[in-house]
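Work through the exercises below with the sequence and the model open. Each task is followed by a solution in steps.

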Amino acid sequence: MVAAPGENLRVNGDRLWDMLMDMAKIGPGIAGGNNRQTLTDADGEGRHLFQRWCEAAGMTVGVDKMGTMFATRPGSDPDALPVYIGSHLDTQPTGGKFDGVLGVLAGLEVVRSINDLGIKTKHPIVVTNWANEEGARFAPAMLASGVFAGVHTIDYAYGRKDPEGKTYGDELKRIGWLGDEEVGARKMHAYFEYHIEQGPILEAEDKQIGVVTHCQGLWWLEFTLTGKEAHTGSTPMAMRVNAGLAFGRIMEKVQEIAMAEQPGAVAGVGQAFFTPNSRNVLPGKVVFTVDLRTPSQEKLDRMRAKIEAAATEVCEALGVGCSVEAVGHFDPVTFDPTLVGRVRGAAEKLGYSHMDIISGAGHDACWAAKLAPTTMIFCPCVDGLSHNEAEEISKDWAAAGCDVLFHAVVETAEIVE
């Protein structure tokens with residue numbers, strides 16, 4: 001039987017909230033949120049603050065060759081593999097103050113509370129800031145954890161370019177966060193990730209804790225449609241090779257295909273680039289990404305095949321060229337039943353309302369699950385809003401999930417009497 005902390009033990013919710021608000025001062029957005037994209041100067045500044053906090057808590061900070069940060073609190077057994085707590089500090093261009101950041105700083109608060117309470121654990125505890133989780137500047141998302149899990153090569157990652165043509169490898173060096181650890185050399189006993197839900201379910205159901213059992217599978221399909229640039233006013237309708245029209249028709253097909261797979265499937269287009277993007281020129285090229293997700297492997301495979309076939313059919317009918325590249329993918333994930341049970345048990349022991357939930361978004365936990373027992377905890381967010389500067393949670397919600405994280409992590413790290 002693994003020893004568990006008593007139900008009277010709690011983290012310091014005020015201290016956690018203060019950290020969240022202090023981190024939010026770095027890379028402020030224009031509407032109350034944050035713009036702290038991967039490998040920007042603001043990202044570097046946020047990393048330095050996190051490092052100072054970790055070192056003040058007695059932790060040692062290592063950095064790997066992807067720029068991922070690992071802050072370690074030693075355990076009593078030098079041979080015991082660490083229990084990891086992870087998420088990310090990078091944000092969307094118009095991101096909120098809590099997406100990812102809550103999980104990293106809650107991990108630090110777990111360690112600070114363990115220190116305050118004088119708890120000794122057999123296993124070390126490592127708080128991780130994964131680099132480039134968002135994928136907003138350098139696609140795909142969850143890039144560093146993907147390299148760590150062996151899904152991507154480091155050369156592939158270093159070569160990823162942002163919209164200005166700057167590469168991941170060059171920008172990592174520029175901001176001074178190219179570490180010396182080999183990526184993926186670390187081994188894990190278990191991995192926990194605490195995150196805002198990024199959806200409306202927990203708030204609607206009036207639950208404080210989401211016990212995450214599964215994560216949806218995902219494909220990001222980047223389509224390039226090639227038409228012919230022409231004057232919108234003087235080119236007859238029947239003589240156009242209109243990449244923009246093909247784009248519109250494909251968007252309709254994406255909607256139809258996702259609706260036909262209900263319940264439990266989503267798909268849509270969130271990004272598109274028209275060339276030359278002039279109001280009186282038909283686009284010669286349209287590049288856009290279809291994001292499709294479902295917890296069913298069968299549906300995921302079927303939706304991708306149907307969307308690609310529909311795009312080909314639409315483009316052939318219009319004489320438009322069509323190519324597609326998969327720029328992001330992971331299969332549906334089932335989280336470790338033992339760790340899921342510990343999260344559920346901690347919520348019950350602490351008296352927090354909870355429910356099982358499937359993650360609609362991708363997380364670094366999806367790649368960590370390939371390497372070690374993994375699970376997640378969700379915190380409600382107001383109106384389910386995320387990837388938006390208006391993203392909001394309450395101090396009480398943040399503390400409740402961190403309490404559950406604390407209890408599940410300490411039980412897994414094994415208290416030494």
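The count of salt bridges (a side-chain nitrogen of Lys or Arg within 4 Å of a carboxyl oxygen of Asp or Glu) between domain 1 and domain 2 is zero. The model is predicted, so local features need pLDDT of at least 70 and side-chain atom pairs count only at pLDDT 80 or more, while totals for chains, interfaces and linings use all residues. Residues are numbered from 1 along each chain as its sequence is written, and side-chain values use heavy atoms, with hydrogens and water left out.

**Exercise 1. Describe how the chain is divided into domains and how domain 1 meets domain 2.**

Step 1. Set the bounds, which come from an automatic or database domain assignment. Domain 1 takes 13–215 + 332–416, and domain 2 takes 217–330. Their C-alpha centres are 33 Å apart.

Step 2. Find the contacts, meaning heavy atoms within 4.5 Å. On the domain 1 side 12 residues touch domain 2, where 12 residues take part.

Step 3. Take the buried area, the accessible area (1.4 Å probe) that two parts lose on being put together, summed over both. The two domains bury about 900 Å² between them, with 69% of it on carbon and sulfur atoms. P140, P332 and W367 lose the most area on the domain 1 side, together 44% of what that side buries.

Step 4. Sort the domain 1 side by class. Ala, Val, Leu, Ile, Met, Phe, Trp, Tyr, Cys and Pro count as nonpolar, Asp, Glu, Lys and Arg as charged, and the others, Gly among them, as polar. The side touching domain 2 has nine nonpolar, two polar and one charged residues.

**Exercise 2. Locate the residues of the "binding site" annotations and state how they are arranged in space.**

Step 1. Read the record. UniProt positions are given in the numbering used here, feature names are shortened, and annotations may be inferred rather than shown by experiment. In an unreviewed entry, UniProt places one "binding site" at H88, D99 and H195. These residues span 108 residues in sequence, yet no two of their C-alpha atoms are more than 9.7 Å apart, so they gather at one spot.

Step 2. Repeat for the other set. The unreviewed UniProt entry also lists D99, E134 and H387 as "binding site". They are spread over 289 residues of sequence but cluster in space, with a largest C-alpha distance of 9.6 Å.

Step 3. Place the residues on the secondary structure, where helices (H or I, at least four residues) and strands (E, at least two) are DSSP runs, numbered from the N terminus. H88 is in the loop between β3 (83–87) and α3 (101–117), and D99 is in the loop between β3 and α3 as well.

**Exercise 3. Which peptide bonds are cis, and where does N132 lie?**

Step 1. Recall the background: most residues other than glycine have a negative phi, and most peptide bonds are trans.

Step 2. Check omega. A cis bond joins A139 and P140, with omega about 5 degrees; P140 lies in the loop between β4 (125–129) and α4 (143–148). The bond from Q262 to P263 is also cis, with omega near -5 degrees, and P263 is in the loop between α8 (243–260) and β9 (266–275).

Step 3. Check phi. N132, in the loop between β4 and α4, has a positive phi near 50 degrees.
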